[in-house]
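Me: I should like to learn how to read the features of a protein model, one at a time. Please give the general idea where there is one, and then the case at hand.

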Amino acid sequence: TLWTNGPKESFEFFDYTFDDHFKHPLPVYIPRQIVLDYMLARVTRNNPTFYENVKFNTKIIFVTYDEDASKFEITTENTLTGVTSIEYFDKCIWAAGDNGKPKIDKGIRKLLQVGNYKGECMHSSDVGEYFGQIKNKRILLIGDAYSAEDLALSAIKQGVEKVFIYSRKGEGIALCNSSWPKAKVEIITTHSPTGIIQDGFGIEFTESSFDYDLRRVMVIEDGEKLQLTDISAVIYCTGYYDNLSILD
């Protein structure tokens, strides 16, 4: 159910346009299936067997350089069978960025664990097929950047009852939206999670503010309470840590 959050004009191929492929105009933002269809067509139009030389369902375990053989030694795992293997290559291009390890707020995670929160907990990168189970449910997104915006919109398309977005600083991409489809999104900027209620299925928030000097949330003593009930899932939209550990 994902749609692009960037205009299609910014990733149109110079040698194979959208008009070349679709033969009719498209809206500015388009669904992932259409993007995939367009990219696959561009790659295979001059070389139909292109993907015979591409290995899919493969996880890189470790990369090192064999000085004696003057080749890169790549240890991989077949994600379908779990079988590992070692292969050698003349060239190795790192194209995975430097952010590969999911970042999860330790304070909120501890709060949920100690309070025995009984709903689902996951990082945005692990959502996968879970959104097929959220119809008529209420979820909480931690963080308000692009992942939160994407997942909130996707959840609405899947029929979620309500999406709450916790914005620690009160300044993020999600807050740039002046309205949301069906008014199903509520962004929390003046309160922070402080406890678990409703026998593990609810989360209590307390009035707070963000201290930019200390770089942390300051909960206001005796501050106003806000209670979110029937929260089926907490999803951390909190980015990634630098991670180049698979490179020797």
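Me: Among contacts between residues at least 6 apart in sequence, what percentage join residues at least 24 apart?

Reply: The share is 54%. Please keep in mind that this is a predicted model. The protein has 4 helices and 14 strands, and its C-alpha atoms fill a box of roughly 65 × 55 × 40 Å along the principal axes.

Me: What percentage of the residues in the protein is buried, and how much area does the protein expose?

Reply: Of the 248 residues, 32% are buried. The exposed area is about 15,400 Å², of which carbon and sulfur atoms supply 51%.

Me: How should I read the nonpolar core, and which residues have the most contacts inside the largest one?

Reply: In soluble globular proteins, nonpolar side chains tend to be buried together. Here the largest nonpolar core comprises 21 residues, and Phe131, Ile139, Leu141, Val163, Ile165 and Ile235 have the most contacts inside it. At least two residues of this core come from each of strand S6 (138-142), helix H4 (146-157), strand S7 (162-166) and strand S13 (231-236). H4 provides the largest share, 5 residues. Apart from this core lies another, of 17 residues, including Leu112, Ile142, Val217 and Ile231.

Me: Which residues does Phe131 contact, leaving aside its neighbours within four places in sequence?

Reply: Phe131 is in contact with Ile139, Leu151, Ser154, Ala155, Gln158 and Ile235, once those neighbours are left aside.

Me: How is a helix with a buried side to be read, and which residues of helix H3 are buried?

Reply: An α-helix has 3.6 residues a turn, so residues three or four places apart point the same way. In helix H3 (residues 106-114), the buried residues are Ile108, Leu111 and Leu112. They cover an arc of only 95° around the axis, which puts them on the same side of H3. The face turned away from that buried side carries the exposed residues Lys106, Lys110, Gln113 and Val114.

Me: What do the buried residues of H3 pack against?

Reply: Their packing partners are S5, S6, S7, strand S9 (191-197), strand S10 (202-211) and S13.

Me: For helix H2, how does the span expected from its residues relate to the distance between its end C-alpha atoms?

Reply: H2 covers residues 32-44, and at 1.5 Å a residue its 13 residues should span 18 Å; the end C-alpha atoms are 18 Å apart, which agrees. Val35, Tyr38 and Ala41 are the buried residues of H2. Seen down the helix axis, these buried residues fall within an arc of 135°, so they line one face of H2. Helix H1 (18-22) is included in what covers them.

Me: Lys8 lies in the segment before H1. Is Lys8 buried or exposed?

Reply: Lys8 counts as buried, because its relative accessibility is 10% and the cut-off for burial is under 20%. Leaving aside neighbours within four places in sequence, Lys8 is in contact with Phe18, Leu26, Pro27, Val28 and Ile30.

Me: Where is Lys182 found, and how far apart in space are Lys182 and Lys162?

Reply: Lys182 is in the loop between S7 and strand S8 (185-188). At 66% relative accessibility, Lys182 counts as exposed. From Lys182 to Lys162 is 20 residues in sequence and 9.8 Å in space, C-alpha to C-alpha.

Me: How should the cysteines be read, and how many disulfides does a search of the whole structure find?

Reply: The search finds 0 disulfides. Cys176 is in no disulfide, and the nearest cysteine sulfur, that of Cys237, is 16 Å away. Cys176 is exposed, with a relative accessible area of 62%, whereas Cys92 counts as partly exposed at 35% relative accessibility.

Me: What is the value of phi at Asn57, and what is the value at Asn136?

Reply: Phi of Asn57 is near 50°, a positive value in a residue other than glycine. Asn57 is in the loop between H2 and strand S1 (58-66) and is partly exposed, with a relative accessible area of 41%. Phi of Asn136 is near 65°, also a positive value in a residue other than glycine. Asn136 lies in the loop between strand S5 (120-123) and S6, and is exposed, with a relative accessible area of 54%.

Notes: Residues are numbered from 1 along each chain as its sequence is written. This is a predicted model: local features need pLDDT of at least 70, side-chain atom pairs count only at pLDDT 80 or more; totals for chains, interfaces and linings use all residues. Side-chain values use heavy atoms; hydrogens and water are left out. The expected span of a helix is 1.5 Å times one less than its number of residues. Buried means under 20% relative accessible area, exposed over 50%, partly exposed in between (1.4 Å probe, protein chains only). The arc is that of the directions from the helix axis to the C-beta atoms. Contact means heavy atoms within 4.5 Å. A nonpolar core is a set of buried Ala, Val, Leu, Ile, Met, Phe, Trp, Tyr and Cys residues joined through side-chain atoms within 4.5 Å. A disulfide is a pair of cysteine sulfur atoms within 2.5 Å. Accessible areas come from the Shrake-Rupley method with a 1.4 Å probe; for residues, only the protein chains shown count as cover.
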